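Visitor: Before asking anything, I would like to have the sequence and the model side by side. Could you show them here?

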Amino acid sequence: QVQLVESGGGSVQAGDSLRLSCVASGQYISSYTMGWFRQAPGKEREFVARITWSGDIEYSDSVKGRFSISRANPKNTVYLEMNNLIPEDTAVYYCGRSPKWSGTRAPEYDYWGQGTQVTVSS
């Protein structure tokens, strides 16, 4: 079993940056797709970005060009660098592990972290 713990969220102004971290314990994540999703109040969990075990990366259209996902396998950690934040980015951000290469849909994930809140004010 793997445990995922997110950190790095906070309250910022529009245009600011944040770096989220997701640290895994219990198992190595190097051979899995890792993804970031977010969920705003009253909305479904939506895909943000994912990185496969081979380093292939995909982003949602809403964050492309502003967010950057990366992984540090020796640290068993995945990051989400978020730049030029806008109020629409406000949500709880979740890190997940997927045994499927695609990793763009929430049902493909078998483990999730507890989430970290990101609030962007205008």
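Visitor: Which residue in β11 does V92 stand opposite?

Guide: This is a predicted model, in which local features need pLDDT of at least 70, side-chain atom pairs count only at pLDDT 80 or more, and totals for chains, interfaces and linings use all residues. Residues are numbered from 1 along each chain as its sequence is written, and side-chain values use heavy atoms, with hydrogens and water left out. Strands here are DSSP runs of E with at least two residues, helices are runs of H or I with at least four residues, both numbered from the N terminus, and two strands pair if DSSP finds at least two bridges between them. Strand β9 (residues 91-98) is joined to strand β11 (residues 116-121) by three bridges in the antiparallel sense, and there V92 stands opposite Q117.

Visitor: In what sense do β4 and β9 pair, and over how many bridges?

Guide: Strand β4 covers residues 33-39, and within this pairing R38 stands opposite Y93 of β9, while W36 has C95 of β9 as its bridge partner. The two strands, β4 and β9, run antiparallel, and the number of bridges between them is seven.

Visitor: Which residue of β10 is the bridge partner of R97?

Guide: Strand β10 consists of residues 111-112, and it pairs with β9 in the antiparallel sense over two bridges. In that pairing, the partner of R97 is Y111.

Visitor: How many residues lie between β4 and β5 in their hairpin?

Guide: β4 and β5 are antiparallel partners over five bridges, one of the paired positions being W36 with A49 of β5. The turn of this hairpin contains G42, which has a positive phi of about 80°, and the number of residues between the two strands is six.

Visitor: How many residues of β9 are buried?

Guide: The term buried stands for under 20% relative accessible area, exposed for over 50%, and partly exposed for values in between, with a 1.4 Å probe and protein chains only. By that criterion β4 is mostly covered, with six of its seven residues buried. β9 is likewise described as mostly covered, and of its eight residues the buried ones number seven.

Visitor: How far apart in sequence are the two residues of the disulfide?

Guide: Taking a disulfide as a pair of cysteine sulfur atoms within 2.5 Å, the count comes to one, namely C22 with C95, whose sulfur atoms are 2.0 Å apart. The link is left-handed, with -70° about the S-S bond, and both C22 and C95 are buried. The pair connects distant parts of the chain, C22 lying in strand β3 (residues 18-25) and C95 in strand β9, at a separation of 73 residues.

Visitor: Which element gives the largest share of the largest nonpolar core?

Guide: A nonpolar core is a set of buried Ala, Val, Leu, Ile, Met, Phe, Trp, Tyr and Cys residues joined through side-chain atoms within 4.5 Å, and the largest one has 27 residues, of which W36, L80, M82 and Y93 touch the most other members. Elements giving two or more residues to this core include β7 (67-72) and β8 (77-82). The largest share, four residues, comes from β3.

Visitor: Is N84 buried or partly exposed?

Guide: Most residues other than glycine have a negative phi. N76, in the loop between β7 and β8, nevertheless has a positive phi of about 55°, and at a relative accessible area of 9% N76 is buried. N84, in the loop between β8 and β9, also has a positive phi, of about 50°, but with 43% relative accessibility N84 counts as partly exposed.

Visitor: What radius of gyration does the protein have?

Guide: The protein has zero helices and eleven strands, and its C-alpha atoms fill a box of roughly 40 × 25 × 25 Å along the principal axes. The radius of gyration is taken over C-alpha atoms, and the globule rule is 2.2 Å times the number of residues to the power 0.38. For 122 residues a compact globule would have a value near 14 Å, and the protein agrees with this, at 13 Å.
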